[in-house]
Amino acid sequence: MQLRLIKDKIISKLMLVFTLASVSLVIIIGVGLYYRSLPVLNNSSWGQLLSSSVWKPMKGLFGFYPFIMGTLWVTAISIIIALPLCLLTSFYLSEYAHTRVKRILIPFVNLLSGIPPVIFGVWGVLFIVPLVQNHIAPHFVEYSTGYSVLAGGLVLAVMIFPLIVSIVNEVLNTIPQELKDASLALGATKWETIKKVTIRKALPGIVAATVLAISRAFGETIAVLMVCGNNAIVPHSVFDTGYPLPALIANNYGEMMSIPLYDSALMFAALLLFIIILLFNVISRIILNRLERNLAG
Amino acid sequence: MTSTPHISVQNLNVHIANQHILKDISINIPNKKVTSIIGPSGCGKTTLLKSFNRLLDNTPDVKITGKVLVDGEDIYDPNAEITHIRKKMGLLSQRPYPLPMSIYDNVAYGPRIHGNPKKAELDELVETQLKATGLWNEVKDRLKAPASKLSIGQQQRLCLARGLAVEPEIILGDESTSALDPTSTHIIEDLFIELKEKYSIVLVTHILRQARRVSDYIIFVYMGKIIEFGPTEEVLLNPKQELTKEYVKGFIS
């Protein structure tokens with residue numbers, strides 16, 4: 001008897017230790033990044049680093065504003081393109097599609113998420129960049145190479161598409177048929193039922209899926225790096241080049257390290273990315289809690 | 001029955017996933033009466049009820065032949081307008097499914113879908129229907145609260161009020177009291193008796209006591225066939241068919 005109880009206690013304590021270890025990793029990474037960023041932070045203030053657009057490492061000038069904006073532009077474009085498509089796809093799959101169609105289409109969507117990012121990058125360079133250059137940009141601006149935040153956003157949109165679709169589809173499947181029947185029985189059409197009942201009920205799940213997708217988009221590196229043009233300039237239109245934070249780190253870390261403070265500046269870029277994602281997750285958690293409280297049941 | 005029946009079923013056959021669920025059903029549902037469909041689990045009671053407002057359409061692999069006439073109009077006619085048919089019937093399901101919105105919006109949902117009622121009209125309508133289901137005094141101070149905050153019994157009455165708000169002719173109840181406590185069950189049963197003044201009511205139930213208390217007519221279904229149909233007392237106390245006799249005595253269940 002005693003021995004069993006002791007074993008039980010030991011195992012539960014052990015699991016607690018493992019859990020704490022992995023959770024504390026987040027804090028350790030944050031502290032580590034901050035520590036490594038200190039040299040550049042001692043050189044110039046947070047305000048300067050965040051608001052300056054001048055990126056001249058040779059002169060010791062590190063302005064992160066273009067990179068922050070690059071990240072936000074690419075992420076925002078990808079979500080704006082992907083979200084409506086994803087929602088319509090999910091609603092089609094869960095509400096309209098025949099079982100046989102579903103059985104064929106859903107594995108394809110999942111397969112999309114299994115393709116390595118670098119392949120999306122190559123596809124972006126070979127297909128999306130020329131598409132933007134020759135067919136989209138000419139309608140709006142005089143000249144664009146195609147390497148742009150729009151190209152980055154498009155590639156990212158395709159990459160986060162399967163993520164959102166599969167989560168939202170799962171969420172929609174948990175909504176009881178009887179609830180939809182209740183709306184249909186009142187004479188509502190299928191579309192009215194989706195608009196007024198299903199979406200409301202699924203809203204917390206849709207928000208959660210979007211948050212996950214945005215977090216993924218923030219961090220996506222290689223595919224974006226290949227199509228964005230990577231100029232340290234603040235983008236002013238979707239056809240401008242951009243230089244997102246992850247691309248900055250991946251492109252330069254390990255090279256040009258002889259430049260003083262460069263290493264520390266890249267660490268600061270990583271810290272920024274870390275903070276953006278952290279803040280974003282906290283805010284979305286708050287929104288989600290509020291939604292769940294308002295729509296309980 | 002002098003006038004045309006609201007619901008008239010003619011040679012209805014329903015197959016789901018190659019199983020013959022309903023076999024050659026023909027019946028006229030009496031107007032302004034409570035009719036209970038009784039029978040053992042899995043005999044097709046609920047399928048029969050759902051065939052009346054085409055909620056079967058959402059079942060995968062379903063095949064339906066025959067006719068269901070609602071006010072003389074065949075609802076399975078390819079040209080039939082489905083929302084119009086469903087509007088004529090209020091459905092009360094096994095468990096209450098309040099829509100994810102406020103108490104007020106739940107009742108106003110149907111009327112809003114079918115037109116653009118003015119605020120004052122809606123207010124009045126919501127009040128009338130909540131009074132009709134005896135819910136008004138309990139909720140009048142919190143109409144804007146989420147419907148899910150109500151007790152299960154209250155939710156079921158809210159669902160009834162929601163159904164009545166589209167001014168149906170028929171009320172369909174699918175074991176509507178099976179999730180409720182005895183007090184709430186009693187309230188709902190009394191409501192059915194009250195409502196038959198204005199509506200034709202069809203209930204699926206497996207509680208014979210309830211069928212006897214509430215209904216005027218009983219349909220006994222067994223293995224997808226209608227075995228017996230008649231006034232409540234006759235079917236329950238003096239059944240003509242051997243199967244009905246056995247079921248009523250409790251041999252088949």
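A residue is called buried here when its relative accessible area is under 20%, exposed when it is over 50% and partly exposed in between, with a 1.4 Å probe and protein chains only. The structure is a predicted model, in which local features need pLDDT of at least 70 and side-chain atom pairs count only at pLDDT 80 or more, while totals for chains, interfaces and linings use all residues. Residues are numbered from 1 along each chain as its sequence is written, chains are lettered from A in the order in which they are written, and side-chain values use heavy atoms, with hydrogens and water left out.

Begin with the cysteines. Select Cys228(A), which is buried with a relative accessible area of 0%, and then Cys86(A), whose sulfur is the closest cysteine sulfur to that of Cys228(A) but, at 19 Å, too far for a bond. Over all chains, the search finds zero disulfides (pairs of cysteine sulfur atoms within 2.5 Å). In the other chain, Cys43(B) also counts as buried, at 4% relative accessibility.

Next, show both chains and select the residues in contact, meaning heavy atoms within 4.5 Å: 25 residues of chain A meet 24 residues of chain B. The area buried between the chains, that is, the accessible area (1.4 Å probe) lost on putting them together, summed over both, is about 2000 Å², and carbon and sulfur atoms give 63% of this area. On the chain A side, colour helix H7 (177-185), helix H8 (190-219) and helix H11 (262-294), each of which supplies at least two residues that touch chain B; helices are DSSP runs of H or I with at least four residues, numbered from the N terminus. H7(A) gives the largest share, eight residues.

Now move to helix H3 of chain B, residues 103-114, where 10 of the 12 residues are buried, so this helix is largely enclosed by the rest of the structure. Its buried residues include Ile103(B), Val107(B), Pro111(B) and Ile113(B). To see what covers them, display H7 and H8 of chain A together with helix H4 (119-132), helix H5 (136-139) and helix H6 (152-164) of chain B, which are among the covering elements.

Finish within H3(B) at Tyr104(B), which is buried with a relative accessible area of 6%. Beyond its neighbours within four places in sequence, Tyr104(B) is in contact with Arg112(B), Lys119(B), Leu122(B), Asp123(B), Val126(B), Leu143(B) and Lys144(B). Of these, Leu122(B) lies 18 residues from Tyr104(B) along the chain, and their C-alpha atoms are separated by 9.2 Å.

Notes: Buried area is the accessible area (1.4 Å probe) that two parts lose on being put together, summed over both.
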